[in-house]
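Morning, everyone. Please have the viewer open and follow along as I go through this one.

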Amino acid sequence: MRALSKEHESAMHRAEDYVVELRSVSKQYGETVAVANVSLSARRGELVCFLGPSGCGKTTTLRMVAGFVEPTSGMVSINNIDMTHQPPYRRDTGMVFQSYALFPHMTVAENIAFGLENLKWPRHKREQRVEEMLRLVELPHLAQRLPGQLSGGQQQRIALARALAMRPAVLLLDEPFSNLDAQLRIRMREELREVIRSVDVTTLFVTHDQEEALTMSDRIVVMNAGQVEQLGTPGEIYEAPATSFVAQFIGWCSLLRGTVGPDGAFTSTAGLRLVGNWSAGPGTAVIRPEQIKLSTDGAAGVYLQARVLQSNYYGGATRIVLDVNGEQLTMQERFPFGRHPKPGDLLGVTINTNEIRILPTNDS
Amino acid sequence: MKHSVLSRRIVNPALLLAPMVLLLAGFLVVPVLGLLRSSFLPGSHLLEGGGFSLQQYIRFFSDSYYSSVLLETFIDGFAVSLICLLVGFPVGYSLARLPPLERRWRTIIAIMPLTLSLVVIVFGWLIVLGRNGVVNSLFISLGIFSSPKQFLFTRPAVLLVLVQQFVPFMILSVMSVVTQIHPVLEQAAANLRANRFTTFRRIIIPLAVPGILVGFNLVFVLSISAFVTPRLVGGARIAMLGSLIYERIMSELNWPSGAAMAFVLFVSGFGFTAAINALIASRLIAGGKRYAV
């Protein structure tokens, strides 16, 4: 039965023509499992992000696609050709390294042309392509500079131009923004997304920054301890987290342990009761800050009395940790003119129970 | 930042250099100037009085024997440096790519020959290469030679022993420069479709040039000035300038002539290495140190 469905699945894959495919890829270093059973299929032009804390195996997975790490088991294919045991230079990938890895002794133009030379492009086509790529990243005036003379943002754009010059089937980005300061990071993020869209290249992308993942990706692979926790669109990952790890890792949330009774209402271990229509059994409620509102009447949801434990002003809004019937909940609200509540204050809040998800308790 | 401010305030760099400068001035510059002076003495003895003459230099350059020995010395020095590079580069490179802990004891093994006395090494080679030596008896017992071959007192033997002596310098220079080349550059090259040979030729070699030059210069200078090895392994038939100078001064006590030869070797050796450096540096690393790895 299982074998049959697997076969059916692979037949479907072939029909779909994925640009990159990982099939149950694992990597072990001795006893340590770095990556366990990762599967992914990315379509042409799709931007897929590997998101997770450091050491979760996301970079190892990317390096297995590039060919720097050989999987212990499983299969990596690019354009429907098995590449699992091919060296990096036979794979149709272009990679932007975390440190950019520009060749310090070559000019910007020579860096970009390097891949084309190895692909035996004739000189005039190379020169044309280098110019085209410099225009794409809007740095045509830097062609004759050495990498050491460029700023971090410029180096990153050149690294991108160098990777894309070869028209690779897959673009690989390893934490491309981690060496940039916060403001530049957001600008480069938008720029990079635009460039990727304009050349329509399938992109795999590694980050530990959930905001980067949510804003840039078509799909996100959330990884933890070498395992895939969830694979889905940014909306699915945020709105419908599959595990409590995903819920906590993406955005802020409060997790309440408890049980759903036969009437469909959730009661937390400390005794906070949320009326709803969930399926019965032990579970964990995921409550996002935006699902809790200040209110005076209980019109839209459950009305509760809450005591302020902590109150932190973030500029646009204030993040408040509340004690509600013995449970801690985090909410976010805007209090104009700095009149935000202080610890000890009592507030009336409404919890929008329609949007709350209860995860069945079987994960840790 | 904080560190550099501190060090600037507390220690004056000139003060740090002072002991070295004094030592070199007293025990190197002064004696060398004395030697330079004696190379302009007429006659064949140091104590034969004063005077100034170019006689020693004129004799050196008018006798084709000396110029042929000088040329031979340079060719040998160049050959030894080149062989050391070919042998030492792979070793230095692979040491540099090992994790630091594993690198440590392998490096110690690589530089072990430097801790041995040169005389011990040379006598060791005399035993190995002699008519009844290890090599000859091995080849004869294997039936490859029917009678012992002459290895000692040949030029290849001199080159072999010089290479063995000086290859650690090349290994160390190459290793120190390759540790500065981040392995991610090799991965980037592989990602840009460069196979291992192309990566080596286009990325590793150009970035390793500073270390290669240091090693090459060290080995070259040490080789052209060597005198123990050419004398003992090469014997009287294989003349290198170093052993000629040694004989002129120590056996014939002809200081003026020996001093003149020493200065010819010094100036031409310095000129040769400077020319090589300028040539390679300008061709391979455009603009010298414009980049930082």
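**Two chains, their contact and their voids**

A:Ala306 stands opposite A:Leu347 in strand 19 of chain A. Let me start from that strand. One caution before I do: this is a predicted model.

Strand 19 covers residues 346-351 of chain A, and 5 of its 6 residues are buried, so the rest of the structure largely encloses it. Which strands pair with strand 19? Strand 16, residues 302-313 of chain A, pairs with strand 19 in the antiparallel sense, over 6 bridges. Strand 15, residues 292-294 of chain A, is also antiparallel to strand 19, over 3 bridges. In register terms, A:Ile292 stands opposite A:Ile351 of strand 19.

Next, an open sheet in chain A. It has 4 strands in the order 2-1-4-5, with antiparallel pairing. Which strands sit at the edges? Strand 2 (32-42) and strand 5 (81-82) of chain A do, and each pairs on one side only. Now take strand 1, residues 20-29, and strand 4, residues 73-78, both of chain A: they share 5 bridges, antiparallel. There, A:Glu21 stands opposite A:Ser77 in strand 4.

Now helix 2 of chain A, residues 58-66. Buried or exposed? Mostly covered: 8 of its 9 residues are buried. Among them are A:Lys58 and A:Arg63, along with A:Leu62, A:Met64 and A:Val65. Right after helix 2 of chain A comes A:Gly67, with a positive phi near 100 degrees.

On to the contact between the chains. The size of an interface is often given as the accessible area lost when the parts come together. Here chain A and chain B bury about 2200 Å² between them. Of that area, 65% is on carbon and sulfur atoms. Which residues of chain A lose the most area to chain B? A:Tyr89, A:Pro104 and A:His105 do, and together they make up 29% of what that side buries. By residue count, chain A gives 26 to the contact and chain B gives 21.

Now the voids. The largest pocket has a volume of about 600 Å³. It has 20 lining residues, and those closest to its centre are B:Ser225, B:Ile245, B:Ala262, B:Leu265 and B:Phe266. Four helices of chain B give two or more residues each to that lining: helix 2 (13-39), helix 10 (196-224), helix 12 (241-251) and helix 13 (255-284). Helix 13 of chain B supplies the largest share, 9 residues. What is the class make-up of this lining? It has 15 nonpolar, 5 polar and no charged residues.

There are also 2 cavities of 30 Å³ or more. The largest cavity holds about 70 Å³ of space. Its lining includes A:Tyr238, A:Glu239, A:Arg288, A:Glu355 and A:Arg357. By class, that lining has 4 nonpolar, 1 polar and 4 charged residues.

The second largest cavity holds about 40 Å³. B:Gln56, B:Arg59, B:Phe60, B:Tyr66, B:Arg248, B:Ser257, B:Ala260 and B:Met261 line it. Two elements of chain B give two or more residues to this lining: helix 3 (55-62) and helix 13. So how many charged residues does the second largest cavity have in its lining? It has 2, beside 4 nonpolar and 2 polar.

To close, look again at helix 13 of chain B. It gives the largest pocket 9 lining residues, and it is also one of the elements that line the second largest cavity. That's it from me.

Key:
Residues numbered from 1 in each chain as written. Chains lettered and ligands numbered in written order. Predicted model: local features only at pLDDT ≥ 70, side-chain atom pairs only at ≥ 80, totals over all residues. Heavy atoms only, no water. Buried < 20%, exposed > 50% of the residue type's maximum accessible area, 1.4 Å probe, protein only. Pairing = 2+ DSSP bridges. 1 Å grid on protein atoms, 1.4 Å probe; cavity = no way out; pocket = protein on both sides within 12 Å on 5 of 7 lines; lining within 4 Å. Points joined across faces, edges and corners; volume = space filled by probe spheres on them. Nonpolar A, V, L, I, M, F, W, Y, C, P; charged D, E, K, R; others polar. Contact = heavy atoms within 4.5 Å. Buried area = accessible area lost by both parts, 1.4 Å probe.
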